[in-house]
Amino acid sequence: MGPSRRRFLHDSLATVGGLALAAGRATGASSHPEDHEPAYLRLARQGRLREVERQLREILAACRLCPRSCGIDRRKGKTGVCSSTARLKVASHGPHFGEERPLVGSGGSGTIFFSNCNLLCCYCQNWEINHRGDGRVVGEMDVADMMLDLQRKGCHNVNLVTPTHVAPQIVGALCCAVDRGFRLPLVYNTGGYDSLDVIRALDGIVDIYLPDFKYQDGALAAKYSSGAADYPEVAAAAIKEMHRQVGTLIVDRRGIATRGLIIRHLVLPHNIGGTDRFVRWVATELSPDTCVNIMRQYRPEHRARDYPELSRRLTSEEWEQAVAWARAAGLA
Ligand code: SF4
């Protein structure tokens, strides 16, 4: 890849919020944005979208939607680690301009922020939504309305933020929206603590996966993310499946993402996130072409100050080291 191509990708993946990044090559471009048909439309035509919805909804009866495998019946109002019944709760929706540029373009990424979370990190920057569950209970038809509203507003995609614990209800809302003319690509914006079975079920529904890969060490994942000791292997398996489904990032002529994978990795103080291991994993287990957003905006939020090692921002040396590791792995 020539320097100008690399420069384009570096610039295009950078976010408005000033996040630095490491990016490999994004694959070529679909010929024209209007040529791209979101994957779920095909499933809908085949009548299989409702089947997937039914399959996912059954999981709620003894919930194992995520690796926590709580086993409770959420349809009866029971709650597990994510504090969510079967009812959808949404904190907000609207065009968002702080995501990666291929998602934002000129019209914005159409975010829908779901309340609660299955990972629950002690340094969560959206703890009011994810831990406290701020938001309002809505029906699936309301979420379908939000999807259509974001489409009307000119967003380039619908960005499902923290979708893991509400995947069945999202597919239910999608079915309603498709019947009413929805056709934007779906972005699955997840913390990475996803069930492999659920990700497999989403094959053909999600066009753009946007997972975090937060830790490489299970003991650290357990310590800072509510006991999620199996996070490294679970996230690795889920992200590999996402990559198998959608491949590396594809952008159209305007630089807008139409399909593919972008992995986010937040650099943590004292290399708690294992950035060196993360970049090597991407290069060897996926491909150096994988688009990776290495993020430097860590700040101690929520309960981070209970942990002295997480009670400060990154130093410049830590950031430069992270970038050097990404370069050494061939990602930047
Ligand atoms: S989605 Fe929630 S209830 Fe279901 S297994 Fe995960 S944490 Fe438990």
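Begin by selecting His165, which sits in the loop between strand S6 (158–161) and H7. The model on display is predicted. With a relative accessibility of 2%, His165 counts as buried, because buried means under 20%. Show next the residues that His165 touches, leaving aside those up to four places away in sequence: Leu65, Arg74, Cys82, Ser84, Ser115, Asn116 and Cys117. For Asn116, display the backbone as well, since its oxygen lies 3.5 Å from a polar atom of the His165 side chain.

**The whole chain**

Zoom out and colour by secondary structure. The chain contains 12 helices and 11 strands. Of its 332 residues, 58% are buried. A surface representation would show an exposed area of about 13200 Å², of which carbon and sulfur atoms supply 48%. In a contact map restricted to a separation of 6 or more, residues 24 or more positions apart account for 71% of the contacts.

**Strand S11 and its partner**

Select strand S11, residues 291–295. Is this strand enclosed or open? Five of its five residues are buried, so the rest of the structure largely encloses it. Turn on the side chains: Cys291, Asn293 and Met295 point one way, whereas Val292 and Ile294 point the other way, and all are buried. In a regular strand, side chains alternate between the two faces of the sheet.

Add strand S10, residues 257–266, which runs parallel to S11 and is joined to it by five bridges. To locate one of these pairings, select Ile263, whose bridge partner in S11 is Val292. Then include helix H11 (residues 275–286): together, S10, H11 and S11 form a right-handed β-α-β unit.

**Salt bridges**

Now display the charged side chains. Side chains of opposite charge can pair when their charged atoms come close. How many salt bridges does the structure hold? The number is 23, and the following stops visit some of them.

Select Asp134 and Arg132, whose side chains meet in a salt bridge with an N to O distance of 2.8 Å. Asp134 is partly exposed, at a relative accessible area of 28%.

Move to Asp145 and Arg180, where the side chains form a salt bridge at 2.6 Å, N to O. Asp145 belongs to helix H6 (residues 140–152), while Arg180 lies in the loop between helix H7 (167–179) and strand S7 (186–190), so this pair ties together parts that are 35 residues apart in sequence. Both ends can be examined on the surface representation: Asp145 is partly exposed, with a relative accessible area of 31%, and Arg180 is partly exposed at 42% relative accessibility.

Continue to Asp203 and Arg244, a salt bridge with an N to O distance of 3.1 Å. This pair links distant parts of the chain, 41 residues apart: Asp203 is in the loop between helix H8 (196–201) and strand S8 (208–211), and Arg244 is in helix H10 (residues 231–246). Asp203 is partly exposed, with a relative accessible area of 31%. Arg244, by contrast, has a relative accessible area of 54% and is exposed, because the cut-off for that class is over 50%.

As the final stop, select Arg50, Glu53, Arg57 and Glu140 together. Salt bridges that share partners join these four residues into one network.

Technical notes
Residues numbered from 1 in each chain as written. Predicted model: local features only at pLDDT ≥ 70, side-chain atom pairs only at ≥ 80, totals over all residues. Heavy atoms only, no water. Buried < 20%, exposed > 50% of the residue type's maximum accessible area, 1.4 Å probe, protein only. Helix = DSSP H or I, 4+ residues; strand = E, 2+ residues; numbered from the N terminus. Pairing = 2+ DSSP bridges. Right-handed = clockwise from strand over helix to strand, strands pointing away. Contact = heavy atoms within 4.5 Å. Areas by Shrake-Rupley, 256 points an atom, 1.4 Å probe, with all protein chains shown as cover. Polar contact = N/O pair within 3.5 Å; in protein donor to acceptor, adjacent residues only side chain to side chain.
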